[in-house]
Amino acid sequence: MPVDVTSKLFTPVKVGALNLAHRVVMAPMSRMRSNEDDSVSDMMVDHYAQRASKGALIIMEGSVAAANGRAYKGAPGLYDDRFIPGFSRIAHAVHTKGGLIFAQLYHGGRVSHTSLQPDGGSPVAPSAGPFFGHAATEEGEVVASPARELTIEEIRAVIEEFRKAALRAKVAGFDGVELHSANGYLLDQFLEDSSNKRNDIYGGSIENRARFVLEVTNAAISVFGPGRVAVRISPSGEFNEMGDSNPEALFGYLAQQLDKFPLAFLHIIEPRIYGNDDKVTATAIPPVAAAILRKHYKGTIMVAGGFLRDSAEAILQSGDADVVAFGRYYTSNPDLPERLRRNLPLTKYQRQYFYGKTPLGYNDYSVHEELVSAGETNKTR
Ligand SMILES: Cc1cc2nc3c(=O)[nH]c(=O)nc-3n(C[C@H](O)[C@H](O)[C@H](O)COP(=O)(O)O)c2cc1C
């Protein structure tokens with residue numbers, strides 16, 4: 001006889017300082033549609049407004065915390081006070097619909113190009129060294145320029161930039177911030193030993209490599225207080241040429257340390273994802289998933305990576321996670337929580353519009369009721 005389990009996905013949950021109506025969260029997704037000067041565009045405000053709903057959390061796309069952290073032309077900046085009004089518009093639009101929103105702060109580190117740097121200089125990273133990942137400039141995708149190693153003084157300055165960016169998010173009315181320590185950007189570059197070759201207090205041992213992330217976390221909490229700062233990690237992610245010799249030890253330690261902070265949640269990208277896509281190849285690295293980190297982290301765990309209704313329900317039932325972030329399907333289903341709740345058909349996402357400069361494939365997806373009245377529920381768009 002089938003076991004009668006009560007659905008958890010649509011039960012309310014307290015996440016840090018937030019009260020969520022259910023456990024479906026919009027994952028952070030860069031769509032590269034900010035204005036020329038890195039400020040928030042009108043279409044971005046519309047985009048988040050369309051996806052906001054009562055009691056649901058949105059994590060806004062990665063926003064650049066420091067001027068030397070730009071990785072992709074088109075990503076919103078939060079490295080200057082002049083960006084606050086645009087962010088306020090987004091926070092206001094989401095709150096008007098009863099939703100909640102976190103900003104995501106990132107620094108590209110070695111994922112950058114001289115043309116994206118304020119002084120045309122080299123990108124900065126924990127260590128100099130070979131890296132062939134891509135940045136996105138005015139001209140489109142280019143191989144990253146060689147990075148130079150940050151000095152200790154510069155590391156402290158970057159931490160201060162994160163603090164100031166968190167403060168701007170707070171002033172703009174955001175409910176909290178998520179620190180992007182996943183997918184091979186600066187925080188992740190410090191963590192993993194394939195990119196961190198330092199031999200000072202920020203390199204070498206796991207404790208030293210975790211130091212930067214913990215200090216940035218502390219700085220963000222100094223702004224927002226308890227329950228409003230989250231950290232996102234991709235323990236088995238290989239995107240941006242990442243890798244570590246012992247991810248289970250590294251991320252286990254990090255999870256233990258983060259457990260001592262009053263975080264809103266720890267956000268874990270499951271091993272089956274490569275950046276913005278499914279990972280299809282098998283890997284020699286032992287996968288480190290939420291199931292493993294749960295042993296080290298007792299607070300709220302959010303997971304992301306290829307989830308649909310049933311798999312989300314399953315991981316909640318297993319107890320390995322408390323909330324589930326959905327990425328790609330949120331691009332094409334502005335009413336995703338409602339569609340999942342009612343088990344309605346989902347509109348397939350379209351990868352060719354993930355990044356772009358127009359509202360096409362961005363703000364022109366319909367909610368279920370509109371598709372019904374147009375007789376289009378079985379069409380992709
Ligand atoms: C278009 C696109 C942009 C993304 N940008 C970000 C980002 O800015 N920050 C981040 O942490 N993850 C980013 N991701 C990763 C997603 O948050 C998520 O981890 C990934 O899509 C897997 O979830 P899914 O299977 O539900 O799509 C992006 C993914 C997509 C598809």
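**Exercises: a ligand and a helix pair**

Of the 19 residues around the ligand (those with a heavy atom within 4 Å of it), Ser30, Arg232, Gly306, Gly327 and Arg328 come nearest. Keep in mind that this is a predicted model, where local features need pLDDT of at least 70, side-chain atom pairs count only at pLDDT 80 or more, and totals for chains, interfaces and linings use all residues. Residues are numbered from 1 along each chain as its sequence is written, and side-chain values use heavy atoms, leaving out hydrogens and water.

**Exercise 1.** Find which atoms of Pro28 and Gln104 make polar contacts (N or O atoms within 3.5 Å) with the ligand.

*Solution.* Start with Pro28: a backbone N or O atom sits 2.8 Å from a ligand oxygen. Next, take Gln104: an N or O atom in its side chain is 2.9 Å from a ligand nitrogen.

**Exercise 2.** Describe how helices H3 and H5 (DSSP runs of H or I, at least four residues) pack.

*Solution.* First, get the recipe: two packed helices are described by the angle between their axes and the distance between the axes. Now apply it: H3 (residues 152–171) and H5 (residues 206–224) pack at about 35 degrees, axes 9 Å apart (lines fitted to C-alpha atoms over the stretch in contact; angles run from 0 to 180 degrees between N-to-C directions). Then name some partners in contact (heavy atoms within 4.5 Å): H3 brings residues including Ile155 and Phe162, and H5 brings residues including Phe212 and Val216. Finally, sort the contact residues: 13 nonpolar, 1 polar and 3 charged (Ala, Val, Leu, Ile, Met, Phe, Trp, Tyr, Cys and Pro are nonpolar; Asp, Glu, Lys and Arg charged; the others, Gly among them, polar).

Methods
A polar contact is a pair of N or O atoms within 3.5 Å; within protein, one must be able to donate a hydrogen and the other to accept it, and residues adjacent in sequence count only if both atoms are side-chain atoms. Helices (H or I, at least four residues) and strands (E, at least two) are DSSP runs, numbered from the N terminus.
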